[in-house]
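Colleague: Got a minute to walk me through this model? I'd like to start with a hairpin and work outwards.

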Amino acid sequence: MARLSIAQVTRPSTTPIPKFLAPAFVQTRQASVVRIKKVKKKRAIPKDFKRHNLEKRQFPQFTLCEAMRVLRAVEVGQPPASIKYEVHINLKTARNGPVVKNSIRLPHPVQSDWQIAVICPEGSDIATAATAAGAVAVGEETLFEAIRKEKIDFDRLICHEASEKALNKAGLGKILGPKGLMPSKRMKTIVSDVTKSIRDSAGAADYRERQGVIRMAIGQLGYTPDQLKANIQALLKKVKSECAEISEEVSKEVHEVILSTTNGPSLSLNGKFNDVEGETQPEALAGVM
């Protein structure tokens, strides 16, 4: 038998790897995990403006005389000429529905020294009649040029029917619109009788619904409770009649009436003039403090 011999196998020499080059651990590849972010759902905007139940929340409400007493006490020391009563009418209405917008001649006007300008053919009998009625500026191109230069020295702007096309062609909506001075047939500021419109506008006040609330100056600080009551009742009657006309399209009604002053708090009214056993006497709330 042949002898079995195991030949010595020589391994090739390898150069040692420096320790600082050797990996400390072997990184195993894993499948990447995709994390899905949860998207927060946006709260749905309610269709109607939120209005609280005043009776359920037992919200404090005041009679007209009580509210006037508190507000007059807050305004002690303030210049009487610069302080006015303001009314806020909260409406139950839809967000995207039609808005209430009009003007009213109050029984006791808050401001009577209005500066009124009239757009009418220059040198015409209409311009002469408007100037005689008390208009501070009349004309077409001269008035348009003054408006473009932001020289607006009037509080109201009336347009005669004969100058309606000239007004639309002038393109002054971007200037007059934000100021609430753009004439329109809806606001009854594009008229055929300029003299009558100036006479009616002298003691009229504009109001407009914004975010479901109508805000308007309703009286001066020296007004008596009876004068303030007459103004509030006249405004509420006008607003309710307009809400009744709009209600055919969308529900709209008066929810709350709030009285405030220039620097005073807002007080919710309960619809009463004065308590029978109230300590507040209407005679004590008349005149300037």
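Modeller: Sure, and keep in mind that this is a predicted model. Let's begin with β7 and strand β8 (residues 213-220), which run antiparallel and are joined by two bridges.

Colleague: Which residue stands opposite V213 in β8?

Modeller: That's R210. β7 and β8 make a hairpin, with two residues between them.

Colleague: Which residue in the turn has a positive phi?

Modeller: Q211, with a phi of about 55 degrees.

Colleague: And what does strand β2 (residues 101-105) join?

Modeller: Strand β7 (residues 204-210), through five bridges. The two run antiparallel, and K101 stands opposite R208 in β7.

Colleague: What's the order of the open sheet of six strands?

Modeller: The order is β2-β7-β8-β1-β9-β10, and the pairing is antiparallel. β2 and β10 (267-268) are the edge strands, each pairing on one side only.

Colleague: How many bridges join β9 to β10?

Modeller: Two, between strand β9 (residues 252-261) and β10, and those strands run antiparallel as well. I258 stands opposite S268 in β10.

Colleague: Switching to helices. How long is α7?

Modeller: Helix α7 (residues 225-246) has 22 residues. From its first C-alpha to its last it reaches 31 Å, close to the 32 Å expected at 1.5 Å a residue.

Colleague: Which residues of α7 are buried?

Modeller: P225, L228, N231, I232, L235, L236, V239, E242, C243 and I246. They're on the same side of α7, because they cover an arc of only 135 degrees around the axis.

Colleague: What covers the buried residues of α7?

Modeller: The cover includes α1 (64-74) and the strands β1 (84-93), β2, β7, β8 and β9. β1, β2, β7, β8 and β9 are among the strands in the order of that open sheet of six.

Colleague: And which exposed residues does the face turned away from the buried side carry?

Modeller: On α7 that face carries D226, K237 and E245.

Colleague: OK, the other sheet. What order do the four strands take, and is the pairing parallel or antiparallel?

Modeller: This open sheet goes β4-β3-β5-β6, with parallel pairing. Its edge strands are β4 and β6 (190-191), and each of those pairs on one side only.

Colleague: How many bridges join β3 to β4?

Modeller: Three, and the two strands run parallel. One facing pair there is I119 opposite G139 in β4.

Colleague: What about α3, which residues are buried?

Modeller: In helix α3 (residues 141-148), L143, F144 and I147 are buried. They cover an arc of only 100 degrees around the axis, so they sit on the same side of α3.

Colleague: What covers the buried residues of α3?

Modeller: The cover includes three strands, β3 (116-119), β4 (137-139) and β5 (156-160), along with helices α4 (164-170) and α5 (173-176). After α3 comes E150, and its phi is positive, near 60 degrees.

Colleague: Now cysteines. How many disulfides does the structure hold?

Modeller: Zero.

Colleague: Why no bond for C120?

Modeller: The closest cysteine sulfur, in C159, is 8.6 Å from the sulfur of C120, which is too far for a bond.

Colleague: Is C120 buried or exposed?

Modeller: C120 counts as buried because its relative accessible area is 0%. C65 is also buried, at 0% relative accessibility.

Colleague: One more residue: where does D48 lie?

Modeller: D48 lies in the segment before α1. With a relative accessible area of 43%, it is partly exposed.

Colleague: What does D48 touch?

Modeller: Leaving out residues up to four places away in sequence, D48 touches T93, A94 and R95. The C-alpha atoms of D48 and K92 are separated by 7.4 Å, and these two residues are 44 residues apart along the chain.

Colleague: Last bit, the overall numbers. How many helices and strands does the chain have?

Modeller: Seven helices and 10 strands. The chain has 289 residues, and 34% of them count as buried.

Colleague: What about contacts and surface?

Modeller: Among contacts with a separation of 6 or more, 79% are accounted for by residues 24 or more positions apart. The accessible surface of the chain comes to about 20,000 Å², and 52% of that belongs to carbon and sulfur atoms.

Definitions and conventions:
Residues numbered from 1 in each chain as written. Predicted model: local features only at pLDDT ≥ 70, side-chain atom pairs only at ≥ 80, totals over all residues. Heavy atoms only, no water. Pairing = 2+ DSSP bridges. Buried < 20%, exposed > 50% of the residue type's maximum accessible area, 1.4 Å probe, protein only. Contact = heavy atoms within 4.5 Å. Areas by Shrake-Rupley, 256 points an atom, 1.4 Å probe, with all protein chains shown as cover. Disulfide = S-S within 2.5 Å. Expected span 1.5 Å × (residues − 1). Arc of directions from axis to C-beta.
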